Amino acid sequence: MAQTQAGLLNEVVPLRTKIADLEATVETFKAYQKKLEDQYVDREQTLGKTEVALADKTDECSRLTTEDTSLQAKVQELISALASKDQEMTAQAANFKVAEEKLVEEAATGFADGLAEALVQAACANPSIDVFGCSPLNEVVDGKIVALEAPEE
């Protein structure tokens with residue numbers, strides 16, 4: 001029996017060593033499992049933050065798309081208004097040109113009529129004066145009546 005106990009002890013010691021090694025391995029795996037669980041929690045938190053950031057960016061993208069559509073519509077309205085204003089200004093410029101030509105013609109006619117009346121009055125007041133060659137298109141140069149030179153443009 002002593003021998004059996006000694007034999008059993010010889011078998012128990014290596015088994016206890018094996019058990020201690022297995023317990024150490026289990027502790028190593030538990031630490032590794034804890035590390036993996038911590039990494040999992042960190043990644044879940046990062047994923048949650050990323051999903052929130054993605055949702056924010058998606059909302060911002062949607063808002064910017066809506067704003068872009070609105071701004072494009074406003075640009076089109078402004079282009080249309082500008083084109084309308086341009087047509088209006090072009091028509092107004094043409095009307096001003098016609099009015100200017102009419103005023104110039106009226107001024108020239110009024111000047112010519114006034115000069116003709118003045119010449120008639122001068123001839124009436126001084127019957128001996130010859131006003132036949134007098135014209136707004138002439139000038140006096142060196143004591144002689146000569147035609148005006150055309151202005152250079």
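Is phenylalanine 132 buried or exposed? Phenylalanine 132 counts as exposed, because its relative accessibility is 76% and the cut-off for exposed is over 50%. The model in view is predicted. The protein contains one helix and two strands, and from the N terminus on these elements follow the order α-β-β.

**Overall shape and surface**

- The radius of gyration of the protein is 56 Å, whereas a compact globule of 153 residues would have one near 15 Å.
- Along the principal axes, the C-alpha atoms of the protein fill a box of roughly 180 × 35 × 15 Å.
- Of the 153 residues in the protein, 1% are buried.
- The area that the protein exposes is about 13,800 Å², and 61% of this area is supplied by carbon and sulfur atoms.

**Charges**

- Among the side chains of the protein, 14 are positive and 29 are negative.
- The centre of the positive set and the centre of the negative set lie 22 Å apart.
- Side chains of opposite charge can pair when their charged atoms come close.
- The number of salt bridges in the protein comes to six, and three of them are described in the next group, each with its own distance.

**Salt bridges along helix 1**

- Aspartate 38 and lysine 34 form a salt bridge in which the closest N and O atoms are 3.0 Å apart.
- That pair counts as a salt bridge because the cut-off is a side-chain nitrogen of Lys or Arg within 4 Å of a carboxyl oxygen of Asp or Glu.
- Aspartate 38 and lysine 34 are separated by about one helical turn, because they are four residues apart in helix 1.
- Aspartate 38 is partly exposed, with a relative accessibility of 36%, and lysine 34 is also partly exposed, with a relative accessible area of 46%.
- Lysine 57 forms a salt bridge with glutamate 60, and the closest N and O atoms of this pair are 3.8 Å apart.
- Both lysine 57 and glutamate 60 belong to helix 1, where they are three residues apart, about one turn of the helix.
- The relative accessible area of lysine 57 is 55%, so lysine 57 is exposed, whereas glutamate 60, at 33% relative accessibility, counts as partly exposed.
- Glutamate 100 and lysine 97 meet through their side chains in a salt bridge, with 3.9 Å from N to O.
- Glutamate 100 and lysine 97 lie three residues apart in helix 1, about one turn of the helix.
- Glutamate 100 counts as partly exposed at 44% relative accessibility, and lysine 97 counts as partly exposed at 45%.

**The loop after helix 1**

- Phenylalanine 132 sits in the loop between helix 1 (2-125) and strand 1 (138-141).
- In sequence, phenylalanine 132 and valine 120 are twelve residues apart.
- In space, the distance from C-alpha to C-alpha between phenylalanine 132 and valine 120 is 9.9 Å.

**The two strands and their hairpin**

- Strand 1 and strand 2 run antiparallel and are joined by four bridges.
- Valine 141 has lysine 144 in strand 2 as its bridge partner.
- Glutamate 139 stands opposite valine 146, a residue of strand 2.
- The hairpin of strand 1 and strand 2 has two residues between the strands.
- Aspartate 142 lies in the loop between strand 1 and strand 2 (144-147).
- Although aspartate 142 is not a glycine, its phi is positive, at about 55°.
- Aspartate 142 counts as exposed, because its relative accessibility is 77% and exposed means over 50%.

Notes: Residues numbered from 1 in each chain as written. Predicted model: local features only at pLDDT ≥ 70, side-chain atom pairs only at ≥ 80, totals over all residues. Heavy atoms only, no water. Rg over C-alpha atoms; globule rule 2.2 N^0.38 Å. Buried < 20%, exposed > 50% of the residue type's maximum accessible area, 1.4 Å probe, protein only. Areas by Shrake-Rupley, 256 points an atom, 1.4 Å probe, with all protein chains shown as cover. Lys, Arg positive; Asp, Glu negative; His and termini not counted. Charge placed at Lys NZ, Arg CZ, Asp CG, Glu CD. Pairing = 2+ DSSP bridges.
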